[in-house]
Amino acid sequence: MNLSGPLYFLLLTLTFFSCSKNAPSVCPADGVLYQQAAFPIGAAVNPIRLNHVSEYNRIAKGQFNSWTTENIMKPENMHPEPDVYNWIEADALADSCRQYGIRLHGHTLLWHQALPDWIVNGRGTRAEWRQILKDHVRTIVGHFKGRVASWDVVNEAFNEDGTLRNSIWRQLIGDDYIELAFAYAREADPNVLLFYNDYNLESNPQKRAAVHDLLNRLRSRGIQVDGIGLQMHVRLHEPNASEMTACFSEFAADHYKIHLSELDISVNPLSKVISDKASLFTEQAQYLEQIIRCYQQVPAALQYGITFWGVSDADSWIPAFYNREDYPLLYDQQYVPKPAYCLLKKIL
Ligand code: XIL
């Protein structure tokens, strides 16, 4: 192929820009997201990145006013042996939150994953495990009393068909492990807000009804669950606006606070080879706008906030966990704002 001078130059320039590491920012990175929002804007954070990646640290502190502990409060990290609790990293995080005026959301006291071996392989009587559950919940909630604003007390306890997942806690204690966990958490800190957290509740009305029934049942027995965490690990255009609105309004009707607790938007759920990132990023921003517009319909007193599950695409759990190329967050891998970030600045 014979390329004339100007055409060759144009091609070189295009190649340089498409391969260059730092994509040009699509909007200025100035401003403060949370100051523009009527509700808290959060991120899941990780102390290693906070301590070692300066851009991450700057954005996590500068743009977000709520942090969720991505992994450090999960039982395998926080309670690795029956008599060992790891407080150091979470205490340091709580200190930073206090220093920078950031709300701290604890994630998570009970889950079927991220469990230490001594729980996974748990043996013993129901009474013994009730006591273990009590100690686990009361020790952790008590330790962070006054420093953690809210907890995901129980995470992902339901199957997709609305039955209870047969987690190790259920096997050892019985169905009432959930009720007990909320009751112990409340005893340990009467002022902390308690959440039940799960996924697919927007797209699966059967699962949602089961969760909603549980929360109402606990309430009728005097155990107040303050809110629902909707994880929202979503993909482009699913769930749709009417599914989200139905879900948000059902929980709001019973006055549960609504936390979009782990938001990320996959642009490549089917693991394809991505050829046109720019248009996917535009679609991602458009879909985020739908999510925000639906959330803005929730009564202000029930908007607990929107938490993104990470800061930049370099920190997202999705590529590693699902072994695929993906770009689910507000900043690109070099911490440059993406169209989704620019959209937020416009509509919050
Ligand atoms: C993920 C973390 O982001 C990863 O770093 C970890 O390897 C696995 O867990 N639902 C949850 C979160 O409630 O705790 C999960 O976090 C993502 C799915």
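This tour moves through a predicted model, from the ligand site to unusual backbone positions and then to two helix pairs.

**The ligand site**

Select the ligand and display the residues around it: Glu70, Asn71, Lys74, His107, Trp111, Asn155, Glu156, Gln231, His233, Glu262, Trp309 and Trp317. Then show the side chain of Glu70, where an N or O atom is 2.4 Å from an oxygen atom of the ligand. Asn71 also faces a ligand oxygen atom, with a polar side-chain atom at 2.9 Å. Turn next to Glu156, which has a polar side-chain atom 3.4 Å from a nitrogen atom of the ligand. On its own the ligand has 420 Å² of accessible area, and the protein covers 81% of this.

**Unusual backbone positions**

Most residues other than glycine have a negative phi, and most peptide bonds are trans. Keep His107 selected, since this residue belongs to the ligand surroundings, and add Thr108. The peptide bond that joins His107 and Thr108 is cis, with omega at about -5°. Thr108 itself is part of strand β3, residues 103-110.

Now select Met232, in the loop between β6 (227-230) and β7. Although Met232 is not a glycine, its phi is positive, at about 60°.

Continue to Glu238 and Pro239, where a second cis peptide bond can be inspected; omega there is near 0°. Pro239 sits in the loop that runs between β7 (233-235) and α12 (241-253).

**Helices α8 and α10**

Select residues 126-143 for α8 and residues 177-188 for α10; the axes of these helices are 8 Å apart and the packing angle is about 40°. The crossing of α8 past α10 is right-handed. To see the contact, show Arg130, Leu133, Lys134, Val137, Arg138, Val141 and Gly142 on α8, together with Tyr177, Leu180, Ala181, Tyr184, Ala185, Glu187 and Ala188 on α10. Colouring this α8 and α10 contact by class gives nine nonpolar residues, one polar and four charged.

**Helices α13 and α15**

Finish with α13 (residues 277-295) and α15 (residues 339-347), whose axes come within 8 Å and cross at roughly 35°. Here too the crossing, of α13 past α15, is right-handed. On the α13 side, display Phe281, Gln284, Ala285, Leu288, Glu289, Ile292 and Arg293; these meet Pro339, Ala340, Leu343, Leu344 and Ile347 of α15. By class, the contact of α13 with α15 comprises nine nonpolar residues, one polar and two charged.

Terms used. Residues numbered from 1 in each chain as written. Predicted model: local features only at pLDDT ≥ 70, side-chain atom pairs only at ≥ 80, totals over all residues. Heavy atoms only, no water. Axes fitted to C-alpha atoms, helices over the stretch in contact; angles between N-to-C directions. Helix = DSSP H or I, 4+ residues; strand = E, 2+ residues; numbered from the N terminus. Left-handed = near helix turned anticlockwise from the far one by under 90°. Contact = heavy atoms within 4.5 Å. Nonpolar A, V, L, I, M, F, W, Y, C, P; charged D, E, K, R; others polar. Near = heavy atom within 4 Å. Polar contact = N/O pair within 3.5 Å; in protein donor to acceptor, adjacent residues only side chain to side chain. Areas by Shrake-Rupley, 256 points an atom, 1.4 Å probe, with all protein chains shown as cover.
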